[in-house]
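Colleague: I am new to this structure and would like to learn how to read it. Could you take me through it feature by feature?

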Amino acid sequence: MGILIAIHTLAAVIWVGGMFFAYMALRPAAVTVLEPAQRALLWCHTLSVFFRWVWVCVVALLASGYTMIGSYFGGMASAGWHIHAMQGLGLLMMLLFLHVYFAPYRRLKKAIEADDTAEAGRRVGQIRMMVGINLVLGLLVVVLGSAGRYL
C-alpha cells in the first residue's frame, strides 16, 4: 500500500504542481517579458514537454488508484465518500486534459506552424482557461486525498 500511495501522490503532485507553476509563475512572467509570438512559441514547447509528464501521471494515477481500491478498500462499495469524490474529480480532470490535448493544443501547434500569431494567442488563452479550471479541480482533489477521511 505504501508504494501505491507514494506513486499516486507523486503523480498528483507532478500534475497539479506543474499546472500551479504554469498558471501562477510562468504565465505572468511570460506576459511581462515576451512578445505575443514568442509567448505562443514558449507555451507550445512548454506544453509539449509537460503533457508527456501528464500522460505518465494519468496512467500512474489510474493504475495506483484502482489497485488500491480493489486491493485495500475491497472495492468502491467500501471506499469512503472522499475516495468517490476524488475519483470523480480526477476523472473529470483527465477528460478536460484529453480535450485540451486533442483540440486546442493541436490547434496551437498548427497555428505556430502557420505563423498565425493571432490564432496561436487565442489557443493559448483557451488552454489557459481550461488549465485554470483543472488547477482548481486538482487542488480540491489534493485536499480530498490528504484530508478527506478527516472532513
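Modeller: Gladly. Let us begin with contact, which means heavy atoms within 4.5 Å. Leaving out residues up to four places away in sequence, Leu-108 touches Ala-40, Cys-44, Leu-47, Ala-120, Arg-123, Val-124 and Ile-127. This is a predicted model, where local features need pLDDT of at least 70, side-chain atom pairs count only at pLDDT 80 or more, and totals for chains, interfaces and linings use all residues. Residues are numbered from 1 along each chain as its sequence is written, and side-chain values use heavy atoms, with hydrogens and water left out.

Colleague: Which residues touch the most other members of the largest nonpolar core?

Modeller: A nonpolar core is a set of buried Ala, Val, Leu, Ile, Met, Phe, Trp, Tyr and Cys residues joined through side-chain atoms within 4.5 Å. Buried means under 20% relative accessible area, exposed over 50%, and partly exposed in between, with a 1.4 Å probe and protein chains only. Here the largest core has 40 residues, and Trp-15, Met-19, Phe-51 and Leu-108 touch the most other members. Two or more core residues come from each of helix H1 (2–33), H2, helix H3 (81–102), helix H4 (104–113) and helix H5 (117–147). H2 gives the largest share, 12 residues. Helices are DSSP runs of H or I with at least four residues, strands are runs of E with at least two, and both are numbered from the N terminus.

Colleague: How is empty space found, and what lines the largest cavity?

Modeller: Rolling a probe the size of a water molecule over the atoms shows where empty space is left. On a 1 Å grid over the protein atoms alone, a cavity is a set of points where a 1.4 Å probe fits but cannot get out, while a pocket is an open set with protein on both sides within 12 Å along at least five of seven lines; lining residues have an atom within 4 Å of a point. Grid points are joined across faces, edges and corners, and a volume is the space filled by probe spheres set on the points. The largest cavity has a volume of about 90 Å³. Its lining includes Trp-15, Met-19, Phe-51 and Asn-134.

Colleague: And how many residues line the largest pocket?

Modeller: That pocket holds about 810 Å³ of space. It is lined by 32 residues, with His-8, Met-68, Ile-83, Met-86 and Gly-145 nearest its centre. H1, H2, H3 and H5 each give two or more residues to this lining, and H3 gives the largest share, 8 residues.

Colleague: Is Thr-67 exposed, partly exposed or buried?

Modeller: Thr-67 is partly exposed, with a relative accessible area of 34%. The residue is found in helix H2 (residues 36–71). Leaving aside neighbours within four places in sequence, Thr-67 is in contact with Leu-4 and Tyr-72. The C-alpha atoms of Thr-67 and Ala-147 are separated by 20 Å, and these residues are 80 apart along the chain.

Colleague: What is there to notice about phi of Asp-115?

Modeller: Most residues other than glycine have a negative phi. Phi of Asp-115 is near 60 degrees, a positive value in a residue other than glycine. Asp-115 lies in the loop between H4 and H5, and counts as exposed at 64% relative accessibility.
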